[in-house]
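Here's a quick tour of a protein fold, from the overall build down to a couple of its helices. Have a look at the model first.

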Amino acid sequence: MARFLIKDFREKDEPLEIFWLTGLQPTPAEHGRVLRVVTKGMRSGELAQWVLPIDMLPIMALGRCFENGRMLTKISAGTLSSLQIGDLASGTELSSAELPAALYSFAGRKTGVQKLVRYDVGTHHIYIPTFELIRYFLAHNRLLAGMLMFPEQLLLLYDFVAPGIHDHLLLKFTRMIRPRMLSPSFAAEFAWLAVHPEGRASWDSVSSRSAGQPYMSMKLPHTTDCELRYRGIQQGNDVLVLEILGATGRQLPCNELFYSHPAFKQSVRHHKGGRDVQGGDAGDEPRTRDELEIQRRANGTRKNSARHLVEVPPKSMPFGSSVPIKKLWRVVASKPKDGSEPDPKRKKAGFHGHGMLPVGMGPENMFSDLPPIEFQLLTPLDWVFAGELMALAETIKVLQGMLVDTQVFMSLCQLPGNRAFVWAGVRMRGCLVVYFEPKGRPPVVLLDVDRNGAHALASMAVHFKVVTDFAEVEEVVDELLSQLVGRLGRWGQAAPEGVTRCCYCVPIPKVQSLRRGVVSEGYQYKRALALAKKLGLPLMSG
C-alpha cells in the first residue's frame, strides 16, 4: 500500500495538527458531503479552517499531525491512557461551549456548537467529541464515511439482512465494495453497524440528528463494561479524548459470521486423479509505489475505477465474545485452453512506478478523471489492549507535568514486517513511541516495545544531534524498528548507518520494571523523575 498526502495541507510551510472539526458544510449542493476541519500550526499556533470531503473523516482524529501534507504515523498530540466507562449510552451530550477553557484553548475564538459526550468516572470528567465517536464506531473507510448522511445507501453494499440477533449470519457483499477492503475485522464491524440493533440505530441516527444542523450527533450504543483506550489531554480532573484507540463492551449480532463477495472465487481443474483447487481471485486493485496526493475537486472521483489502498494508523475493534468469522469462496470450474489445460496466465493488476499520483475523494462521477483511494484502518488483533505498554504511558503523563517548555507527543504503532518477533503469541506486538521536544533543543524519542513472551528487551532512547523535522524522526524510528525485527528482538551493538549520522541511541533497561503490578502515585513520580534524568529533559525547579 502507498503513502499519501493532502494537497491542501501543503499550502502551509509548517507542520499541522488536526485541532477541531466544526461540522458539515451547510452548502445545500454538497450538504452531508463536505467536512470543515480546523488545523493548528505546530510552530506558530495559528488556526486555519479547511473544507474537505466527509470521506476524509476516518483519518481526521484530533491531534493527528501532518508535515508537507503527509500524515505522520508515529507523532500525535496527547498521551495514552485508559478508563472504564461501563455503558457508552450513559453519557450526557453537551455543547462544545461547555468544554472547560483550561482543558482545551481555542485561542480566544468561539468554541462553536459541536456536540461532546461527558462521562463522570469517579472524580474525573471525561469529554469525548461526538464526531470522534462517529469516526471510531462507524466511519471505517471512505465509502462508509460518505454514506453517513445517506444511511439508506448502506443497502447498496450487501444483500439485506433484517436487523436482529442471529444464530448464523451471512453477509453477501456486492460489487459496490472492493474485495480487498474486506477482512474478518471489517466483516465484524459491518455486521454490528448494519445488523445489530444497537449498531444499526447508531448508524441511522447520524443523518436524522445531524441533517440541517451545524454539528454532528448520533445515538450512543448501549455497551457492557466498556473499557476505553485513548489518546487525550488532561487538566486537573478534566480529560478530553482526542482519539479513541480501542473500546470493548459490544457484542456481534450472531454466534457465527460468514461473509462472501462475487470476486471470492476458487477455480477447480478436473483430471483423472480427482481435482485441484487453484488460488482465489481477490479482485483487480492496483498496486503502486507512487505517493498519492489527495486532491479535492467538485466533480468527485472517477466512476468504476479501482481504488488505491493507503496506509493509515489502524484502530482496534474488539468485541465482547469470540465469534467464528469465515470467508466463503465460490468454487468455479476453470476453462480449459485448447481443450486440454487451463490457461495459467491470469490478468494481474498493474504495478505503477514511482512518482506523485493525483487521487481524489468524494462521490464517484462519470465526468471525473481522478481515481479514488480507500483507507484501511481496522487491525485484526487487539494489540491496543495488550496492557503491557500502558504502565509506561501512565508514567509519561506524570512526567509531562514535571517538564518545562517541552512538547510531548505519543502514539502506538505495530512493528513492521511479518517475522517471528512481530508476533507476541496470537497477536501482533506493539511499540510505544514518545516524542519529546524541549524548546530550542534537539528532540528525544523513547521507543518501548511490548515484551510479551519474556523478552529481556531494553527501551531505547534516541537523541537527535540537531533540531530536525518530523518526517526525518519517523524515518529514523522506522529504520530502528525494522532492524529490531530483523534481529529477532535485539537492538544490536550498532544502529543503522543512516541513524548514526543524525542521532545516537542509548538503551534504558530498567523502564520494564514499570510493568510489575499496580504502582502508587509516589512510586510513579519517582520513576518519572528518574526517566526524565536519563533522557536529559528539562525539569521544573523545586
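What follows is a short walk through this model, which is a predicted one.

## The big picture

Let's start with the overall make-up. The protein has 35 strands alongside eight helices. Of its 542 residues, 54% are buried. As for the outside, about 23400 Å² is exposed, and carbon and sulfur atoms supply 51% of that area.

How much of the contact map links residues 24 or more positions apart? Counting contacts in the protein with a separation of 6 or more, such pairs account for 72%.

## A helix tucked inside

Now zoom in on helix H3, which spans residues 184-194. Of its 11 residues, 10 are buried, so the rest of the structure largely encloses this helix. The buried set takes in Phe-186, Phe-190, Trp-192 and Leu-193, along with Ser-185 and Glu-189. Ala-187, Ala-188, Ala-191 and Ala-194 are buried as well.

## Two helices crossing

Further along the chain, how do helices H5 and H8 pack? H5 (residues 390-400) meets H8 (residues 521-535) at an angle of about 80°, and their axes are 9 Å apart. That angle makes the two helices roughly perpendicular.

On the H5 side, the contact is made by Ala-391, Leu-392, Glu-394, Thr-395, Ile-396, Val-398 and Leu-399. H8 brings Gln-524, Tyr-525, Arg-527, Ala-528, Leu-531 and Ala-532 to meet them. Sorted by class, the contact has nine nonpolar residues, plus two polar and two charged ones.

Terms used
Residues are numbered from 1 along each chain as its sequence is written. This is a predicted model: local features need pLDDT of at least 70, side-chain atom pairs count only at pLDDT 80 or more; totals for chains, interfaces and linings use all residues. Side-chain values use heavy atoms; hydrogens and water are left out. Buried means under 20% relative accessible area, exposed over 50%, partly exposed in between (1.4 Å probe, protein chains only). Helices (H or I, at least four residues) and strands (E, at least two) are DSSP runs, numbered from the N terminus. Contact means heavy atoms within 4.5 Å. Accessible areas come from the Shrake-Rupley method with a 1.4 Å probe; for residues, only the protein chains shown count as cover. Axes are lines fitted to C-alpha atoms, for helices over the stretch in contact, and angles run from 0 to 180 degrees between N-to-C directions. Angles under 35 degrees count as roughly parallel, over 145 as roughly antiparallel, 65 to 115 as roughly perpendicular and the rest as oblique. Ala, Val, Leu, Ile, Met, Phe, Trp, Tyr, Cys and Pro count as nonpolar, Asp, Glu, Lys and Arg as charged, and the others, Gly among them, as polar.
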